[in-house]
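Dear colleague,

I am handing over the structure we spoke about, with the sequence alongside. My notes on what was found in it follow below.

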Amino acid sequence: MNRWKIAFLILVGTIIASLAFIFVRITQVREPNYKPVPELVAKEGTPVIAIQSNKKQVNALIDFFLSDFQKDSDINYKFYLENEAMLNGTFEVLGYPIEFNLYFDPFVMNDGNVQLKAKSLSIGTLGLPIKEILKFVQRDYKLPSWVEVNPDDSTILLRLDQFRMQNGLFIRAEKINLVDDDIRMNIYLPKDTSSKED
């Protein structure tokens, strides 16, 4: 067997081994996210503050929050708003970081939470399904407890009803229109404080 055949077989073997590694790494569930999902908490009353914001202001807030939240994390990611919501992150293949961009359409739900519906994925020349990337995000990324990743539905749910500010105030989304740069939120007093003031 001449050296060109040997080199060709080695190349084919390397490619097959690399593809097998990528498949196993992506589909592996090391620590399934079986955390209990708290029930939705009904929020009532009149907001004490109505906020109308834009993408630039919200992106600054998200950047500040994630910078603090991820300061001790080995894997970092970004999330920001353009005319769609975008998650930018990396995962490693054979020691090399592979960057991906996952695009979402945000929807305000009746309970004031926000659902992000994944609609497209950019990952260089690799053709990976969105579901597998969301499994990777769910498994390997450090996420706030009020963020739920649902690979089967290709969605991420921002459970604002589970998010609390330090003083107990809570927030509900009212409107997200990224194309018109119109984002509206309401801030509510905690129930106990409301009842005392009534």
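Of the 198 residues in the protein chain, 36% are buried; please keep in mind throughout that this is a predicted model. The chain holds 4 helices and 9 strands, and, read along the sequence, these elements follow the pattern α-β-α-β-β-β-β-α-β-β-β-β-α. Among the contacts between residues at least 6 apart in sequence, 49% join residues that are at least 24 apart.

Turning to the interior, the largest nonpolar core comprises 37 residues, and those with the most contacts inside it are Phe-79, Phe-100, Leu-102 and Phe-104. Helix H3, which spans residues 130-140, gives the most to this core, with 5 residues. Leu-102 can be followed further: leaving aside its neighbours within four places in sequence, Leu-102 is in contact with Ala-85, Met-86 and Leu-87, with Ala-118, Ser-120 and Leu-121, and with Ile-130, Ile-133 and Leu-134. As a general background, nonpolar side chains in soluble globular proteins tend to be buried together.

On the surface, the protein chain exposes about 12800 Å², of which carbon and sulfur atoms supply 55%. A nonpolar surface patch of about 270 Å² is made by Phe-8, Leu-9 and Val-12. Leu-9 is found in helix H1, residues 3-27, and, because its relative accessible area is 49%, Leu-9 counts as partly exposed, the cut-off for exposed being over 50%.

With best regards

How values were computed: Residues numbered from 1 in each chain as written. Predicted model: local features only at pLDDT ≥ 70, side-chain atom pairs only at ≥ 80, totals over all residues. Heavy atoms only, no water. Core = buried A, V, L, I, M, F, W, Y, C linked by side-chain atoms within 4.5 Å. Buried < 20%, exposed > 50% of the residue type's maximum accessible area, 1.4 Å probe, protein only. Helix = DSSP H or I, 4+ residues; strand = E, 2+ residues; numbered from the N terminus. Contact = heavy atoms within 4.5 Å. Areas by Shrake-Rupley, 256 points an atom, 1.4 Å probe, with all protein chains shown as cover. Patch = residues over 30% accessible without salt bridge, like charges linked within 9 Å, V, L, I, M, F, W, Y side chains within 5 Å. Salt bridge = Lys/Arg side-chain N within 4 Å of Asp/Glu carboxyl O.
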